[in-house]
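Welcome, and please open the structure in your viewer. We will start with the whole chain and then select one part after another.

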Amino acid sequence: MMKYILMTLLAMLIFLDCHSQDLYPFREATLWGYRDNQGVVKVEPQFQYASKFRYGVAIVAKNDSLGAIDNNGKVVIPYKYQYLQPLDSSEFLFGYRAKYFGEYFMGVMSKDEKVKVPAEYRHITKYNNTYIVTITQDSIIGKGPVGDVRTSKSFHGLVDSNGKFLIPCEYSYLKWINDSLLVVTQGSAGTSQALFNKKGEQLTGFEYMVFGDFIEGVAKARIGDKFGFIHPSGKVAIPVHFDYCEDFSGGYALIKQQEKWGAIDKSGKVVVKPIYKYEEVKAELNRKYKR
């Protein structure tokens, strides 16, 4: 019992010590500094700007440039950037102002300022040790009272951790649907989609309008106004010829044809003819297969 009490007290002390190290920005006159949760000043006011700590660092500004400090006030990223944000515990987004107010060209660098992705992109998100990068193309269509009137088009691509393109930056949208697969959209309408793997290999054509989640090994897919299923390899699992279908559950999926409902198994075989109402099909599946 005494050992348990001592261990509990030790855990509480560690917890309190960890939280006592939390620092919070505060402002004095025109400058910012940091103090702990007891109000004790730990970093004297000296910054034009000071963010909250995240991933063990805070973004601060001096001489109109951004850098980063640790919770001892030590500079870990020098003051020379116009955009700076921690991506995670090991990497930063960094960048410089673009032509228009509030816009930046950004890239990715490590804590030791090794550039992994050059500062050429308007937006970057990290996932699965890769980066979805975005460029924009502006078209000036006139002049307004405060500057250019323009339209912008965005293009997206996928870059690996070495800065190498896996998917070129020429698509209208990229979205991870799991740790292995992405849906890539081309065209402004957003109805022309293909499946790519994490290596950047294209698995399907762009004839698809929708991909669902992979459930029980297959995903719902739509071409035009018809639905079917595909494998993670991009190969068609069940032909796309139903008016509608639901995801598989317990080895069966409900399908709709000409306003009537039926059901199929994983091979695509119709196990309940589409001649029923929705609830009737569910009841029929339960009766025939004791689901």
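**The whole chain**

Begin with a cartoon view: the chain's secondary structure amounts to 2 helices and 26 strands. Keep in mind as you look around that this is a predicted model. Now zoom out until everything fits on the screen. Along the principal axes, the C-alpha atoms take up a box of roughly 75 × 75 × 35 Å. The radius of gyration of the chain is 27 Å, whereas a compact globule of 291 residues would come out near 19 Å.

Next, switch on the surface. About 17,000 Å² of the chain is exposed, with 53% of that supplied by carbon and sulfur atoms. Of the 291 residues, 36% are buried. Colour the charged side chains if you like: there are 38 positive and 31 negative ones, and the centres of these two sets lie 3 Å apart. As for contacts in the chain with a separation of 6 or more, 22% of them link residues 24 or more positions apart.

**An open sheet: β4 to β7**

Select β4 (49–50) and β7 (75–81), then add the strands between them in the sheet. You now have an open sheet of 4 strands in the order β4-β5-β6-β7, paired antiparallel. Which strands stand at the edges? They are β4 and β7; each has a single partner strand, so one side of each is left without a neighbour in the sheet.

Stay here and highlight β6, residues 65–69. This strand runs antiparallel to β7, and 3 bridges join the two. To see residues facing each other across the pair, show L66, which stands opposite Y81 in β7.

Before leaving, go to the loop between β4 and β5 (58–62), where you will find Y55. Y55 is not a glycine, yet its phi is positive, at about 55°. Is Y55 buried, exposed or partly exposed? Its relative accessibility is 39%, so it counts as partly exposed.

**Another loop with a positive phi**

Move along to N129, in the loop between β12 (123–127) and β13 (130–144). N129 also has a positive phi, about 60°, although it is not a glycine. With a relative accessibility of 44%, N129 is counted as partly exposed.

**β16, β17 and β18**

Now select residues 173–176, which are strand β16, together with residues 181–186, which are strand β17. The two form a hairpin, with 4 residues between them. Their pairing is antiparallel over 4 bridges, and W176 has L182 in β17 as its bridge partner.

How many residues of β17 are buried? The number is 5 of 6, making this strand mostly covered. Extend the selection to β18, residues 192–197. β17 and β18 are paired in the antiparallel sense as well, over 6 bridges. Here, V184 has A194 in β18 as its bridge partner.

**Last stop: E207**

Follow the chain past β18 into the loop that leads to β19 (210–215), and select E207 there. E207 has 42% relative accessibility and is therefore partly exposed. Which residues is E207 in contact with, leaving aside neighbours within four places in sequence? Show Q193, R222 and I223 to see them.

To finish, draw a distance from the C-alpha atom of E207 to that of D70: they are separated by 50 Å, and the two residues are 137 residues apart along the chain.

Key:
Residues are numbered from 1 along each chain as its sequence is written. This is a predicted model: local features need pLDDT of at least 70, side-chain atom pairs count only at pLDDT 80 or more; totals for chains, interfaces and linings use all residues. Side-chain values use heavy atoms; hydrogens and water are left out. Two strands pair if DSSP finds at least two bridges between them. The radius of gyration is taken over C-alpha atoms; the globule rule is 2.2 Å times the number of residues to the power 0.38. Buried means under 20% relative accessible area, exposed over 50%, partly exposed in between (1.4 Å probe, protein chains only). Contact means heavy atoms within 4.5 Å. Accessible areas come from the Shrake-Rupley method with a 1.4 Å probe; for residues, only the protein chains shown count as cover. Lys and Arg count as positive and Asp and Glu as negative; His and the chain ends are not counted. The place of a charge is taken as NZ of Lys, CZ of Arg, CG of Asp or CD of Glu.
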